[in-house]
Amino acid sequence: MKYPFFASFIVFGFLFSFSMKRRTKTEKKYVDHFWERERMADSTRRKSLENLDYIAIPLNELPMDILADLPEIKECHDKIRELSKKKIVNFAGYSNTDLKLTYGAPNINLLSEYDKNFEELITTLQNWASVLLQNWGEAAQACPEEERKQAAKTILTYAVSAGSDIAATYERLTKLYLEYGEQVKIPDLKEKAEKIRSLSKGRVLAMLEEAERNGKIS
């Protein structure tokens, strides 16, 4: 009775060993490919950044007058004004290796700075809208809820148009669309979400499909 078990153990050991060798070989191939790309990237010459898709912040189109004296809002305004003087590019989903291969290794610090500015922009826009929608204190009551919601909708719409990949931005804007009977705008959100290059894309699309299908978000 021991022999079949022993034979099975040998077969299992053989298959396990074969699987591990195959996995090791695959991993080595992946690592070798990574370092080859990195080597090529580091030797890529500087290229012109003139035609990058720079983002210009339309300060005159954003609701800068709504609750402007509220400290949390003022902080967002200050950051937005600061960013409006900087170069901003959306590189979400691109690795440093990708950027160096495309634009040259000598440009990586500048490109990283532009990408950091983009992250700060979309984060600030999300925070700004959140304060308008969630602050129910005495200061917020100085501005009607309806006016604050419309201001938040303007901010979130701009964030999406700028290329935001923050799931909460899409979710909050979708809820506002549903609340105001503007479901016809959801397909446009889906179109923009399709362009997201980060891991949030699947979550955002699933949420938008649910909203389109059921007229609500769970």
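In this predicted model, helix α3 gives the largest share of the lining of the largest pocket, namely four residues. The pocket itself has a volume of about 510 Å³. A total of 27 residues line it, and those closest to its centre are D53, N90, A162, G163 and R197. If you want to find the pocket by its helices, look for α3, α5 (145–161) and α7 (186–193), the elements that give two or more residues to the lining.

Let's stay with α3 for a moment. Its buried residues include T97, L99 and K100. Where do the buried residues fall when you look down the axis of α3? They lie within an arc of 165 degrees, so they line one face of the helix. A bit of background helps here: an α-helix has 3.6 residues a turn, so residues three or four places apart point the same way. Just past the end of α3 you meet G104, which takes a positive phi of about 100 degrees.

Now for the aromatic rings. A pair of them is described by two things, the distance of the centres and the angle of the planes. Rings count as a pair here if their centres lie within 6.5 Å, and by this rule the model has three aromatic pairs. Take Y54 and Y114: their ring centres are 5.8 Å apart and their planes stand at 70 degrees, so this pair is edge-to-face. The two come from distant parts of the chain, 60 residues apart, with Y54 in the loop between α1 (2–42) and α2 (71–84) and Y114 in helix α4 (residues 108–134). How do they differ in exposure? Y54 is partly exposed because its relative accessibility is 28%, while Y114 has a relative accessible area of 6% and is therefore buried.

A second pair takes us back to α3. The rings of F91 and Y103 are 6.0 Å apart, centre to centre, with 55 degrees between the planes, which makes the pair tilted. F91 sits in the loop between α2 and α3 (96–103), and Y103 belongs to helix α3, so the pair ties together parts that are twelve residues apart in sequence. F91 counts as buried because its relative accessibility is 5%. Add Y94 to F91 and Y103, and you have one aromatic cluster.

Next, head over to helix α4 and pick out I122. Is I122 buried or exposed? With 0% relative accessibility, I122 is buried. Leaving aside residues up to four places away in sequence, I122 touches S164, D165 and I166. I122 and V160 are 38 residues apart in sequence, yet their C-alpha atoms are 8.6 Å apart in space.

Our last stop is helix α5, the home of K149. Perhaps you'd like to guess whether this lysine is tucked away. K149 has a relative accessibility of 15%, so it counts as buried, since the cut-off for buried is under 20%. Which residues does K149 touch, not counting those up to four places away in sequence? They are L133, L176, E179 and Y180. Y180 also has another lysine to deal with: the charged end of K153 sits over the ring of Y180, 4.7 Å from its centre.

How values were computed: Residues are numbered from 1 along each chain as its sequence is written. This is a predicted model: local features need pLDDT of at least 70, side-chain atom pairs count only at pLDDT 80 or more; totals for chains, interfaces and linings use all residues. Side-chain values use heavy atoms; hydrogens and water are left out. Rings of Phe, Tyr and Trp (its six-membered ring) pair if their centres lie within 6.5 Å; planes under 30 degrees apart count as stacked, over 60 as edge-to-face and the rest as tilted. Buried means under 20% relative accessible area, exposed over 50%, partly exposed in between (1.4 Å probe, protein chains only). A charge sits over a ring if NZ of Lys or CZ of Arg is within 6 Å of the ring centre and within 35 degrees of the ring normal. The arc is that of the directions from the helix axis to the C-beta atoms. Contact means heavy atoms within 4.5 Å. On a 1 Å grid over the protein atoms alone, a cavity is a set of points where a 1.4 Å probe fits but cannot get out, and a pocket is an open set with protein on both sides within 12 Å along at least five of seven lines; lining residues have an atom within 4 Å of a point. Grid points are joined across faces, edges and corners, and a volume is the space filled by probe spheres set on the points.
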